[in-house]
Amino acid sequence: MIKKDPRYELFGEDDKEREAEYERFRKEKKYRCKEELRNLLRETKCITYRSKGLIKESDKHMKEILEVLKNDQRFLVMNCVSEERDDILMDYINERNRMGPPPPPTATNPLERLRRT
């Protein structure tokens, strides 16, 4: 079926070359999907440095997070690799926990103060 497609002829001379090109395409697409998911997680305001503790106390917070994420195509496109998607989500929650609370808006960058003097 695919061999009848005129685009098939554009991808190399032999099947090994075509398979290699397809594998490159798949890896690149998967990488882009993971990056888009990470961007989505950064945009999700309900995931904070407190999320890990809230999830340990109760599954309610995780359900809230998933409720927000399930409406976005960047999350849904990873349904076929849901285990990896869940790992990326938990890694992000752990990262936010390690980072702790953000600095107060009135805090100044110490390096900036040194440059001014």
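These legends accompany close-up views of Leu-41 and helix 5 in a predicted model. Local features need pLDDT of at least 70 and side-chain atom pairs count only at pLDDT 80 or more, while totals for chains, interfaces and linings use all residues. Residues are numbered from 1 along each chain as its sequence is written, and side-chain values use heavy atoms, with hydrogens and water left out.

**View 1. Leu-41 in helix 1 and its contacts.** Leu-41 belongs to helix 1, residues 15–43 (helices are DSSP runs of H or I, at least four residues, numbered from the N terminus). Leu-41 counts as buried because its relative accessibility is 1% (buried means under 20% relative accessible area, exposed over 50%, with a 1.4 Å probe and protein chains only). Leaving aside residues up to four places away in sequence, Leu-41 touches Ile-47, Leu-69, Ile-88, Leu-89 and Tyr-92 (contact means heavy atoms within 4.5 Å).

**View 2. The two sides of helix 5.** Here we follow helix 5, residues 82–99. Its buried residues are Arg-85, Ile-88, Leu-89, Tyr-92, Ile-93 and Arg-96. They cover an arc of only 135° around the axis, so they sit on the same side of helix 5 (the arc is that of the directions from the helix axis to the C-beta atoms). Turn to the other side of helix 5 and you will find Glu-83, Asp-91 and Arg-98 exposed.

**View 3. What helix 5 packs against, and what follows it.** The buried residues of helix 5 pack against helix 1, helix 2 (51–57), helix 3 (60–69) and helix 4 (73–76). Just after helix 5 comes Gly-100, with a positive phi of about 75°.

Methods
Helix = DSSP H or I, 4+ residues; strand = E, 2+ residues; numbered from the N terminus. Expected span 1.5 Å × (residues − 1).
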